[in-house]
Amino acid sequence: MNEYKIFVQRVGLVGIANLLVAFSSLILLPILTKNLSIDEYGIWVQINTTISLLPNLTTLGLPYTMVRFLSSETNKHQRQEGFYSILIMVLVSTLIVSLLLLIFSKEIAFAIFNGDVNVAILLSGIVFLACLNALLLNYFRTFQEMKKYSIFLLMQTYLGVAIVAYFALSGYGIYMTAVGLLIANLITFLVMLTLIISSLGFILPKFSNMREYLSFGLPTIPGNLSSWIVNSSDRYVIGIVLSAAFVGYYSPGYTLGNCITMLLAPFSLLLPSVLPQYYDKDNMEKVSLFLNYSLKYFLLISIPAAFGLSVLSKPLLIVLSTPDIALNGYLITPLTALSTLIFGVYAIIGNVLVLEKKTKVIGTIWVIASLLNLVLNVILVPYFGILAAAFTTLIAYALAFILTLRYSTKFFQFDLIFILKSVTASTLMSALIILINPQDLMNIIITVIISIAVYFALILVLKGIKTEEFQLFKEMFRKT
């Protein structure tokens, strides 16, 4: 089996694992919302929001540095020196941040956890393990052990789902539910660390390359932080300005609308592997074809998905959470679905900036988008509530898309006729859903199946997609 085929298999394996990780949030949603109070569920969301933030800061960009500098290293001693110097540096950095969280646990509790100091104290331990696990996972990515990477990624996720679900279903409340998350991270950490030490051996590093590692890793922090601000900072603003309960109302609708990112996965996996082959050979016509058709295929499925999720938001949230959450948060889903659709388009056309090695432009775009998002959240959320948070996310994604479009138009153009046909078919499909008005899970599933069939039938009738257009997509798979 040639090296490229092995590479693509690894990419596909990681892609499937990440899809399953994304799906885990939908599994936990009904369990937590139906067994915790709305305030407790809001606290749970804030815990996970914090976990998604701090590894971007405490790891100092070193996980990505490890991938960049050690992936081609064959000398075992150099691997040991590089890995353990990075591990100890991250350990010290994470320990400092965890201690600060512990010291200021009371202030943190009253800011975002509705005064629950015990949860704030527990947060320091969860963050400590989550940051170290992020680094250890990248060890397997660095040395191309993708099966182990995927196994541990799924282990950490679904072990957490199982333990957290057990505590929640047993009525133990938010504190023990958070303890479940801590246990899952601890078990995963111990297993990964044991496996790495047994495979790599252990030495005390001399930190000989640390200056080079930090000079590469630290500049990646602003970009990572900016991305987090756009994706997650609204939960903090809502929690501080309103309360944890409003975070609980906001998050399920956001999670539902964000499901469209799953539809982006095949394109985010295939395009980075396929496009450079043609770009490096100066075959810009082929690059343009792949970008245009990938964009069309993504819009073909994401436009009706956004319409369907928007129309089904309230009944889906009633099934997946509670009527109270559905009533307060169902309008979040349409805004989030549209935001995610725009982000998907950005992610496809953004490949142009990567091909042209304009990574600084990407970083600048997200810094601008994040600052706008944060400022608007602070100004608007106190007056317009959680709807404002969803709206500001939409504005931030739209800005990132518009700024990226400026650098990418020479490779593609929007098929406005197709978009109009897809919107028309999606509108008629949505009218059918409203007419059926499903309320329980089984009827929702049946309605979704019927709606998908109706949409694609309408697309064929409107000649929105032709049979031969799928041939290029097949070529992408053959090429990989």
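# A guided tour of the predicted model

Helix α4, residues 76-103, is the place to begin: with seven residues, this helix gives the most to a nonpolar patch on the surface. The model is a predicted one. To see the whole patch, select Val-92, Leu-95, Ile-96, Leu-99, Leu-100, Leu-102, Ile-103, Phe-104 and Ile-121, which together have about 800 Å² of accessible area. Within this selection, centre the view on Leu-95, a residue of helix α4. Leu-95 counts as partly exposed because its relative accessibility is 42%.

**Aromatic pairs**

Next, display the aromatic side chains; the structure holds 15 aromatic pairs. Select Tyr-84 and Phe-202, whose ring centres are 4.9 Å apart and whose planes stand at 75 degrees, so this pair is edge-to-face. Tyr-84 belongs to helix α4, while Phe-202 lies in the loop between α8 (173-200) and α9 (210-217); the pair therefore ties together parts that are 118 residues apart in sequence. Tyr-84 counts as buried, at 1% relative accessibility.

For a second pair, move to Phe-343 and Tyr-397. With ring centres 5.3 Å apart and planes at 50 degrees, the pair is tilted. Phe-343 is part of helix α16 (residues 332-349) and Tyr-397 of helix α19 (residues 386-408), so the contact ties together parts that are 54 residues apart in sequence. Phe-343 is partly exposed, with a relative accessible area of 24%, whereas Tyr-397 is buried, with a relative accessible area of 6%.

Return to Tyr-84 and extend the selection to Phe-83, Tyr-139, Phe-140, Phe-152 and Phe-202: these residues and Tyr-84 form one aromatic cluster.

**Charged side chains**

Now select Asp-234 and Arg-235. A search of the whole structure finds one salt bridge, and the side chains of Asp-234 and Arg-235 meet in a salt bridge with an N to O distance of 2.9 Å. Asp-234 and Arg-235 are both buried. Add Tyr-254 to the view: the charged end of Arg-235 sits over the ring of Tyr-254, 4.1 Å from the ring centre. A further example is found at Lys-314, whose charged end sits over the ring of Tyr-330, 4.3 Å from the centre of that ring.

**Two helices**

Select helix α9 and highlight Met-210, Tyr-213 and Gly-217, which are buried. These residues cover an arc of only 60 degrees around the axis, which puts them on the same side of α9.

Then go back to helix α16 and select Leu-338, which lies in this helix. Leu-338 is partly exposed, at 40% relative accessible area. Show Ala-306 as well: Leu-338 and Ala-306 are 32 residues apart in sequence, and their C-alpha atoms are 6.4 Å apart in space.

**Two loop residues**

The last stops concern the backbone. Select Asn-114, in the loop between α5 (105-112) and α6 (117-142). Its phi is near 55 degrees, a positive value in a residue other than glycine. With 43% relative accessibility, Asn-114 counts as partly exposed.

Finish at Asn-437, in the loop between α20 (416-436) and α21 (441-461). Phi of Asn-437 is near 55 degrees, again a positive value in a residue other than glycine. Asn-437 counts as partly exposed, at 47% relative accessibility.

Conventions
Residues numbered from 1 in each chain as written. Predicted model: local features only at pLDDT ≥ 70, side-chain atom pairs only at ≥ 80, totals over all residues. Heavy atoms only, no water. Patch = residues over 30% accessible without salt bridge, like charges linked within 9 Å, V, L, I, M, F, W, Y side chains within 5 Å. Areas by Shrake-Rupley, 256 points an atom, 1.4 Å probe, with all protein chains shown as cover. Salt bridge = Lys/Arg side-chain N within 4 Å of Asp/Glu carboxyl O. Helix = DSSP H or I, 4+ residues; strand = E, 2+ residues; numbered from the N terminus. Buried < 20%, exposed > 50% of the residue type's maximum accessible area, 1.4 Å probe, protein only. Phe/Tyr/Trp six-rings, centres within 6.5 Å; stacked < 30°, edge-to-face > 60°. Lys NZ or Arg CZ within 6 Å of the ring centre and 35° of its normal. Arc of directions from axis to C-beta.
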